[in-house]
Amino acid sequence: MPQDLPPRPEPVITETMCEACVAVQQHWRRAKGHPELMQGTHRAVAHKHGSVTITKYRCERCGTIWEYENNKVNRHAGWSVLKR
Ligand SMILES: [Zn+2]
């Protein structure tokens, strides 16, 4: 099996997102969130290379729900928007 990374997903921008959320760099490992993201629950997900932690965040300004995946072997992990 070749160890190809999945392609980097397209960032999701919605009309209801505030400008701070729009500015978050999505699907990029170690990108920063913004100060109005409030940390929520997190869960461990089993992957081939071990388990990764996915933390949920909610923006206090616009209500967008985010997930941050901390995955050392996938540089396209990171911030992603959960559809509301
Ligand atoms: Zn926001």
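This report describes the zinc site, the nonpolar core, the aromatic pairs, the strand pairing and the backbone of a predicted model.

## Zinc site

The zinc ion is held by four cysteine sulfur atoms, namely SG of Cys-18, Cys-21, Cys-59 and Cys-62, at 2.3 Å. The angles subtended by these four donor atoms run from 105 to 114 degrees, which makes the arrangement tetrahedral. For that class, all angles among four donors must lie between 85 and 135 degrees.

Along the chain, the donors follow the spacing C-x2-C-x37-C-x2-C. Cys-18 belongs to the segment before α1 (19–22), whereas Cys-62 belongs to the loop between β2 (50–59) and β3 (65–70), so this pair ties together parts that are 44 residues apart in sequence. Both Cys-18 and Cys-62 are buried.

## Surroundings of Cys-21

Cys-21, another of the zinc donors, is located in helix α1. Its relative accessibility is 0%, and Cys-21 therefore counts as buried. When residues up to four places away in sequence are not counted, Cys-21 touches His-34, Leu-37, Cys-59, Cys-62, Thr-64 and Trp-66. Among these contacts, Cys-59 and Cys-62 are also donors to the zinc ion.

The C-alpha atom of Cys-21 is separated by 9.9 Å from that of Gly-63, a residue 42 places away along the chain.

## Nonpolar core

The largest nonpolar core has 14 residues, of which Cys-18, Cys-21, Leu-37, Tyr-57, Cys-59, Trp-66 and Trp-79 touch the most other members. At least two residues of this core come from each of α1, β2, β3 and β4 (79–82). Three of the zinc donors, Cys-18, Cys-21 and Cys-59, appear in that list of core residues.

## Aromatic pairs

The structure contains three aromatic pairs. In one of them, the ring centres of Trp-66 and Trp-79 are 5.9 Å apart and the ring planes stand at 90 degrees, so the pair is edge-to-face. This pair links distant parts of the chain, with Trp-66 in strand β3 and Trp-79 in strand β4, 13 residues apart. Trp-66 is buried at a relative accessible area of 0%, and Trp-79 is buried at 5%.

Trp-79 also forms an aromatic pair with Tyr-68; here the geometry is tilted, at 4.9 Å centre to centre and 55 degrees between the planes. Tyr-68 lies in strand β3 and Trp-79 in strand β4, so this pair ties together parts that are 11 residues apart in sequence. Tyr-68, like Trp-79, is buried. Ring pairs join Tyr-57, Trp-66, Tyr-68 and Trp-79 into a cluster.

## Strand pairing

Strands β2 and β3 run antiparallel and are joined by six bridges. Arg-58 stands opposite Ile-65 in β3. The hairpin of β2 and β3 has five residues between the strands, and within this hairpin Gly-63 adopts a positive phi near 80 degrees.

Strands β3 and β4 are likewise antiparallel, with four bridges between them. Ile-65 has Leu-82 as its bridge partner in β4.

## Thr-55 in strand β2

Thr-55 lies in strand β2 and, at 11% relative accessibility, counts as buried. Apart from neighbours within four places in sequence, Thr-55 is in contact with Gln-39, Gly-40, Thr-41, His-42, Trp-66, Glu-67 and Tyr-68. Two of these contacts, Trp-66 and Tyr-68, belong to the cluster of linked rings. The C-alpha atoms of Thr-55 and Gln-39 are separated by 7.3 Å, although the two residues are 16 apart along the chain.

## Positive phi in the loop between α1 and β1

Most residues other than glycine have a negative phi. His-27, which is not a glycine, has a positive phi near 55 degrees. Arg-30 is likewise not a glycine, and its phi is positive at about 70 degrees.

His-27 is found in the loop between α1 and β1 (37–47), and Arg-30 is found in the loop between α1 and β1 as well. The two residues fall into opposite accessibility classes: His-27 counts as buried at 12% relative accessibility, whereas Arg-30 counts as exposed at 68%.

Definitions and conventions: Residues are numbered from 1 along each chain as its sequence is written. This is a predicted model: local features need pLDDT of at least 70, side-chain atom pairs count only at pLDDT 80 or more; totals for chains, interfaces and linings use all residues. Side-chain values use heavy atoms; hydrogens and water are left out. Donors are N, O and S atoms within 2.8 Å of the metal (3.2 Å for Na, K and Ca); water is not among the atoms, so sites may look incomplete. Four donors count as tetrahedral if all angles lie between 85 and 135 degrees; four count as square planar and six as octahedral if opposite donors are over 155 degrees apart and all others between 65 and 115; anything else is irregular. Buried means under 20% relative accessible area, exposed over 50%, partly exposed in between (1.4 Å probe, protein chains only). Contact means heavy atoms within 4.5 Å. A nonpolar core is a set of buried Ala, Val, Leu, Ile, Met, Phe, Trp, Tyr and Cys residues joined through side-chain atoms within 4.5 Å. Rings of Phe, Tyr and Trp (its six-membered ring) pair if their centres lie within 6.5 Å; planes under 30 degrees apart count as stacked, over 60 as edge-to-face and the rest as tilted. Two strands pair if DSSP finds at least two bridges between them.
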